[in-house]
Amino acid sequence: MTKRDNTLKEILDLILYENPSTQEEIAETLGISRRYVTKLLQPLVKDGTVKRAYMIDLKSYEKFTSQMHDVSGPKNSVGNALLNDLLVNMARHVHSQLETSFDAVLENDEEKANKALEMDFATNNMVEKIRTSVETIVSINYHSEFSKSVIYNEVAYDLERIGDYCGHIAKFAINEIYDIHKDILKKLKKMYKTAQKMIRLSMKAFIDGETDLKDDLMELEESIHILQSKSINLIATQMTETSFDEKERSNYFIYLFRVIKAFERIGDICVEIMDAAIEFHDNIPRPTTPRTFR
């Protein structure tokens, strides 16, 4: 791709992502002259790829980008590419949010826990960005499959739910003063690593269409449920050795149960993302029965 094409691609990406209202705004953002912006956009305005008020006709843009060797296949439509980028960034952020939350527990670090909770604001904003992007893409591209576009919203919402469970983990580091028993901590570390793997696999399936990863994901889900059961048994043993008169200790066990439950729910949500990937790429409808009743 030539330097001119690269610059034009940057202009079009800016229009897709940032919705600039004027050529001056485009030029200022990219650090180029307004005249150069006009020169590059003029042919695309004439052929209808770029419309006034700086909206892009995605169907025309797909043809344009394919000529620049920027689109490799039918599943990489411009609308999908935009939404995929947003989801990849969101998944990366949620990974970091989970890591920060669990580090706060391991290190008994209240500052990290508060940072993890603050990260949830960004997670929520990312959901809104994806939702509005889906609405924009559907409204300007009448050839898009509405039902499939909506699945992007659902996956974003699933990632937001994972972010919420990260908050449950972070709050443990804020609320509790007791050290976690080493045997329980070992199980939690394994659950954390398993949950991170499940997020990666489920998102890879959705973004790259690698739905054959479901068997691997289901094995991980089974392992996280086994770890959950073992952890609960260990906690139950500890509880029998604790007086019910110790209110703080009783609260500690309740919050610890929430951490374990958070990892289990993250695993369940990853399976839901995998089911969404299979519906999106393989046109196999998702089960209508909620996972808790299967």
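Helices H2 and H3 sit roughly perpendicular to each other in this predicted model. That's because their axes cross at roughly 110 degrees, and angles from 65 to 115 degrees count as roughly perpendicular. Beyond that pair, there are two nonpolar cores to look at, one of 65 residues and a separate one of 12. Two asparagines, Asn-108 and Asn-283, also have a positive phi.

**How H2 meets H3**

- Two packed helices are described by the angle between their axes and the distance between the axes.
- For the distance part, the axes of H2 (residues 23-30) and H3 (residues 34-46) come within 8 Å.
- As for handedness, H2 passes H3 in a right-handed crossing.
- On the H2 side, the contact is made by Gln-23, Glu-24, Ile-26 and Ala-27, while H3 brings Arg-34, Val-37, Thr-38 and Leu-41.
- Sort those residues by class and you get four nonpolar, two polar and two charged.

**The nonpolar cores**

- In soluble globular proteins, nonpolar side chains tend to be buried together.
- The largest nonpolar core here has 65 residues, and Leu-188 and Phe-263 have the most contacts inside it.
- Which helices each supply at least two residues of this core? They are H5 (78-107), H6 (110-140), H7 (146-175), H8 (182-208), H9 (214-240) and H10 (247-282).
- H10 gives the largest share of this core, with 17 residues.
- Zoom in on Phe-263 and, leaving aside its neighbours within four places in sequence, you'll find it in contact with Leu-98, Phe-102, Ile-169, Leu-188, Met-191, Tyr-192, Ala-195 and Ile-224.
- So Leu-188 turns up on that contact list of Phe-263, and both are the residues named for having the most contacts inside the largest core.
- There's also a second, separate core of 12 residues, including Leu-12, Leu-14, Val-37 and Leu-40.
- Val-37 may ring a bell: this member of the second core also takes part in the contact between H2 and H3.

**Two asparagines with positive phi**

- Most residues other than glycine have a negative phi.
- Asn-108 has a phi near 50 degrees, a positive value, and you'll find Asn-108 in the loop between H5 and H6.
- Is Asn-108 buried or partly exposed? With a relative accessible area of 47%, Asn-108 is partly exposed.
- Asn-283 has a phi near 60 degrees, positive as well, and lies in the segment after H10.
- Asn-283 counts as exposed because its relative accessible area is 54%, and the cut-off for exposed is over 50%.

Methods
Residues numbered from 1 in each chain as written. Predicted model: local features only at pLDDT ≥ 70, side-chain atom pairs only at ≥ 80, totals over all residues. Heavy atoms only, no water. Axes fitted to C-alpha atoms, helices over the stretch in contact; angles between N-to-C directions. Helix = DSSP H or I, 4+ residues; strand = E, 2+ residues; numbered from the N terminus. Parallel < 35°, antiparallel > 145°, perpendicular 65-115°, else oblique. Left-handed = near helix turned anticlockwise from the far one by under 90°. Contact = heavy atoms within 4.5 Å. Nonpolar A, V, L, I, M, F, W, Y, C, P; charged D, E, K, R; others polar. Core = buried A, V, L, I, M, F, W, Y, C linked by side-chain atoms within 4.5 Å. Buried < 20%, exposed > 50% of the residue type's maximum accessible area, 1.4 Å probe, protein only.
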